[in-house]
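Biologist: I would like to request a close look at a single part of this chain, followed by an account of its surroundings.

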Amino acid sequence: ACSTTSYSGGPCVACSTTSYKGTQGNHSCSSCPTSSQTVAEASMNVTDCACNAGYYGANGDTCTGCPAGSFCTGGNKNACPAQSDSPTISSVITACVCNAGYYGANGASCNICPTESYCTGGTNIMACVTNSLSDLGSTVNTDCVCAPGYEGTAGGSCTACPPGQVCSSGNATSCPANSRAPSGASSTADCACNSGFWGSSGGVGCTGCTADHYCSGGTSKVACPANSAAAAGSATEPGKAAISSCACNDGYYRSADTCV
């Protein structure tokens, strides 16, 4: 009769690595549980059946497919490093890939994506385009928005805000009426009344310079010199912008910046 580790099919043949036989006789070897096998041929016990790579469970028992976010080897289930994931039936730690918003070598620690970058997962860390910003943990290029003072679509190129406008989060908006801002302005506080107009800070309420005054822009409104006059502006038309626009009254003449 065949030994405990073999069966008769003519001569006695060793049980394969997917089976075992623990009793003497000519009967067939018993199969290992699904997704398990023995280390070598001619195994005697069901406990010699160990789960295949990618599966976990006790020797000789049911073997379960390794779930996503884990890797299974030697019958053991191991969690992937923090902020990484793996497909089902993974058998090695390098199957663990950093999630979007993080970066690092497969199977290693995952670092949060730094500002002014975006990370699509795995080892990828991509810089935002020039003059754009992103938050920690950004995942796609559209998380990169133009810096204050620049305009452009998210993830696209960013150009300096044009004169007369202010730019925030990539969007350009006009200064209040009769005011403008320098190139690259990022706040309405950068707006100032045009020359010939005057008003509050930020270009608020800019109106044409009043009669007998000159307005160089911003909040400035200065009276003309004595014995001189200047025409008024209006809500939409500028007044006089410089002292040279103050004309001496009849009977007076200009001497430097005065009328005598």
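In the predicted model, between which two strands does the loop that holds Asn 227 lie?

Modeller: Asn 227 lies in the loop that runs between strand S28, residues 220-223, and strand S29, residues 228-229. The model is a predicted one. The backbone at Asn 227 has a positive phi of about 70°, although this residue is not a glycine. Asn 227 is classed as partly exposed because its relative accessible area is 31%, a value between the limits of 20% and 50% that bound this class.

A second loop residue may be set beside it. Asp 212 also has a positive phi, of about 65°, and is likewise not a glycine. Its place is the loop between strand S26 (204-208) and strand S27 (213-217). With a relative accessible area of 37%, Asp 212 is partly exposed.

Two threonines in other loops can be described in the same manner. Thr 18 is located between strand S2 (12-14) and strand S3 (19-20), and its relative accessibility of 41% makes it partly exposed. Beyond residues up to four places away in sequence, Thr 18 touches Ser 30, Ser 31, Cys 32 and Gln 37. The C-alpha atom of Thr 18 is 9.7 Å from that of Ala 50, a residue 32 positions away along the chain. Thr 62 is part of the loop joining strand S7 (55-56) to strand S8 (64-65). This residue counts as exposed because its relative accessibility is 56%, and the exposed class begins over 50%. Once neighbours within four places in sequence are set aside, the contacts of Thr 62 are with Cys 51, Tyr 56 and Gly 57. From C-alpha to C-alpha, Thr 62 and Ser 35 are separated by 8.4 Å, with their positions 27 residues apart in sequence.

Ser 117 belongs to a strand, namely S15, which covers residues 117-121. Ser 117 is buried, since its relative accessible area is 9% and the buried class is under 20%. Apart from residues up to four places away in sequence, Ser 117 touches Ile 125, Met 126, Ala 127, Cys 128, Ser 134 and Ser 138.

The nonpolar interior is the next topic. In soluble globular proteins, nonpolar side chains tend to be buried together. Here, the largest nonpolar core has 5 residues: Val 166, Cys 175, Ala 181, Ala 185 and Cys 191. Among these, Cys 175 touches Gly 164, Gln 165, Val 166, Arg 180, Ala 181 and Cys 191, with residues up to four places away in sequence not counted.

The chain as a whole provides the setting for these details. Its secondary structure consists of 32 strands and 0 helices. The C-alpha atoms occupy a box of roughly 145 × 25 × 25 Å along the principal axes. The radius of gyration is 41 Å, whereas a compact globule of 260 residues would have a value near 18 Å. Of the contacts with a separation of 6 or more, 21% are between residues 24 or more positions apart. Buried residues account for 32% of the 260 residues. The exposed area of the chain is about 13,100 Å², of which carbon and sulfur atoms supply 51%. The chain carries 6 positive and 13 negative charges, and the mean positions of the two sets are 8 Å apart.

Conventions: Residues are numbered from 1 along each chain as its sequence is written. This is a predicted model: local features need pLDDT of at least 70, side-chain atom pairs count only at pLDDT 80 or more; totals for chains, interfaces and linings use all residues. Side-chain values use heavy atoms; hydrogens and water are left out. Helices (H or I, at least four residues) and strands (E, at least two) are DSSP runs, numbered from the N terminus. Buried means under 20% relative accessible area, exposed over 50%, partly exposed in between (1.4 Å probe, protein chains only). Contact means heavy atoms within 4.5 Å. A nonpolar core is a set of buried Ala, Val, Leu, Ile, Met, Phe, Trp, Tyr and Cys residues joined through side-chain atoms within 4.5 Å. The radius of gyration is taken over C-alpha atoms; the globule rule is 2.2 Å times the number of residues to the power 0.38. Accessible areas come from the Shrake-Rupley method with a 1.4 Å probe; for residues, only the protein chains shown count as cover. Lys and Arg count as positive and Asp and Glu as negative; His and the chain ends are not counted. The place of a charge is taken as NZ of Lys, CZ of Arg, CG of Asp or CD of Glu.
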